[in-house]
Amino acid sequence: MAATAGDILVQTLIDWGVDVIFGIPGDGINGIMESLRARQDEIRFVQVRHEEVAAFAACGYAKFTGRLGVCIATSGPGGIHLLNGIYDAKLDGQPVLAITGLQHHDLLDTFTQQDVDLDKLFMDPCAYNARVMGPTHIQNVTELACRTALAYRQPTHISIPVDVQSMPVGKANRSERNIKDHVSNLMARGGALPDRTQLERAAEILSAAKKPFILAGRGALGARAELEAMAERLKAPVGMALLGKGAIPDESPYATGGVGLLGTRPSQEAMEECDTLLIVGSSFPYIEFYPKPGSARAVQIELDPKRIGLRYPVEAGLVGDSGRILAELLPLVQPNEDGSFLEATQKAMGEWRETMRERGTRRDTPMKPQVVTHELDALLRDDAIVVTDSGTITCWTARHVNMRGQMMFSCSGNLATMACSLGYAIGASIAHPGRQVVGVIGDGAMAMLMGDLVTLRKYDLDVKMIVIKNNALGQIKWEQMVFLGNPEFGCELEPIDFVRVAEGCGLRGVHIEDPARCGEQLRDALAPPGPCLIEALVDPHEPPMPPKVEAKQALHLAESLAKGTPNRGKIALTIASDVVRELV
């Protein structure tokens, strides 16, 4: 029997090393589904309950493997549902291929059912985007889509009319210029090393530093040894953007934790006071947290040349792989003999860790959200994969979960979308069976895509989802009240019993609200293999404070809030207590 266009698509994916594809069947992709069924011993189809989860799972798979993540959806609304996860892949620079169906090729743009031009819809988020024109077109397009996604670390998209999917390739009329088998699946890896002049200039700047600080992002994740060697040479503290969490272990003497709103006070103070900034694989977007322009010299290492100097004015830009460039740069940099800046930062980190320990071991009720992530940290294996969602829970996870060993971490970085973590956890567990996978998610995000809890059961994935439940969109409420000084509005959530939802999906469910028993209950929930949902009921009035609170500004906020509603008064008390800590 002659191979169909769908068969060629699936075989090309296999040739590119794809072994799993996430999605939902639909009449717009029936031809491809048949080809996947016929090759299910070589490529696994993972059925989800919402296409958005398929895209998040593909993105998570890509993040935790470095390989191509693939998702598939039917024509019209199915393809539309993929978009949020595809934008997540775009903004976090992940190789994801989205495959969608179209209606019959000779009915397109005639107002037929589900007649959506998905190739036009995916133009913005995708680095390569094509509509297949016939069965002999499919191999060329698929090869290019896979190659582009991996080469540029960006999502790509193929859309295929449903009737074309089942057309036999052997009988198709190939154009005279489309020579059969003229393409190849060889992936060439570029050297990407900077020119010698830039390298020497960077070494000169770094060698002159007295108070250097290193900002590490997601581009530094594969360069741990080189990064620590440079930190040792420079006697430099290393702060990490959220997607760079784990670039070096948190127990490293050079690590100062996160930067920015969700970061640590020592990182913020070191970045403000440094005289030289080395940015490694990061385009951390919050410009207000960088040193003031002109106060520090800067060197940037970045794979994407258009990001050089994007956030801070640099004097040397080194384009290429972080590990290779650091290895080339290290012998040229003179050791910094003055370790006082690093020592002061290390002392501040000791005080910060003690503050985090105090906040994570509080036993007053209602339970503080920090207690959950603090207790979780002690129970994570050294090869755990931790994913978190967007909101206040991002802060608690970033500050209280310490990276060590071969642990991996991710979240929706630049898109900062809610509801990503369940899909990420599915992708991570499929990619790394046998490893502990834990997701930390807020109750607002969990409600969005909780139907896919059943996917954990369907594939018996060893995923533990921890829902931090405060019956509010906490981050938004906090921003309304503390950033803008307005009363909260539209942020209170009708409570959901997530334990019963989980049990209805066939999962174990655990409810935690006593801080004295939190660690014990978490340990018991994490221990058995298989999926589990842990619902932690926490204080809805606990705001995530910035890493460095300006005492006068915070005191003014506290006084203003205290005059408002009871909820605002409780937040005012928390801010006031932080002010006292600052002043002491």
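**Exercise 1. The sheet**

In this predicted model, work out in which order the six strands of the open sheet lie, and which strands stand at the edges.

*Solution.* Start by tracing the strands across the sheet: the order is β2-β1-β3-β4-β6-β5, with parallel pairing. Next, look at the two ends. Strands β2 (44-47) and β5 (128-131) each have a single partner strand, so one side of each has no neighbour in the sheet. Finally, check the twist: on average, neighbouring strands are turned by 20° against each other, direction ignored.

**Exercise 2. One strand pair and the helices on the sheet**

Find how many bridges join β1 to β3, and which residue of β3 is the bridge partner of Gly23. Then see where helices α4 and α15 sit.

*Solution.* Strand β1 (residues 20-23) and strand β3 (residues 69-73) run parallel and are joined by two bridges. For Gly23, the partner in β3 is Ile72. Now add the helices. Helix α4 (residues 77-91) packs on the sheet, where it touches β3 and β4 (96-102), and its direction makes about 165° with that of β4. Helix α15 (residues 421-431) lies across β1 and β2, at about 155° to β1.

**Exercise 3. The nonpolar cores**

Name the residues that touch the most other members of the largest nonpolar core, and the helix that gives the most to this core.

*Solution.* The largest nonpolar core has 56 residues, and those touching the most other members are Phe22, Cys71, Leu82, Ile86, Ile426 and Leu456. Helix α3 (residues 51-65) gives the most to this core, with 10 residues. A second, separate core holds 32 residues, including Leu206, Met230, Val238 and Ile248. To see one member of the largest core up close, pick Ile86: leaving out residues up to four places away in sequence, Ile86 touches Ala55, Cys71, Val96, Ala98, Phe122, Pro125, Cys126 and Pro155.

**Exercise 4. Buried or exposed?**

Decide whether Ser35 is buried or exposed, and list its contacts beyond four places in sequence.

*Solution.* Ser35 is part of helix α2 (residues 30-38). Its relative accessibility is 2%, so Ser35 counts as buried. Beyond those sequence neighbours, Ser35 contacts Thr4, Gly6, Asp7 and Val10.

**Exercise 5. A helix pair**

Describe how α10 and α12 cross, and which residues meet.

*Solution.* The axes of α10 (residues 265-273) and α12 (residues 340-360) come within 8 Å and cross at roughly 155°. Angles over 145 degrees count as roughly antiparallel, and α10 and α12 are therefore roughly antiparallel to each other. Their crossing is right-handed. At the contact, Arg265, Pro266, Ala270 and Glu273 of α10 meet Phe341, Thr345, Ala348, Met349 and Trp352 of α12.

Terms used:
Residues are numbered from 1 along each chain as its sequence is written. This is a predicted model: local features need pLDDT of at least 70, side-chain atom pairs count only at pLDDT 80 or more; totals for chains, interfaces and linings use all residues. Side-chain values use heavy atoms; hydrogens and water are left out. Helices (H or I, at least four residues) and strands (E, at least two) are DSSP runs, numbered from the N terminus. Buried means under 20% relative accessible area, exposed over 50%, partly exposed in between (1.4 Å probe, protein chains only). Contact means heavy atoms within 4.5 Å. A nonpolar core is a set of buried Ala, Val, Leu, Ile, Met, Phe, Trp, Tyr and Cys residues joined through side-chain atoms within 4.5 Å. Two strands pair if DSSP finds at least two bridges between them. Axes are lines fitted to C-alpha atoms, for helices over the stretch in contact, and angles run from 0 to 180 degrees between N-to-C directions. Angles under 35 degrees count as roughly parallel, over 145 as roughly antiparallel, 65 to 115 as roughly perpendicular and the rest as oblique. A crossing is left-handed if the near helix is turned anticlockwise from the far one by less than a right angle, and right-handed if clockwise.
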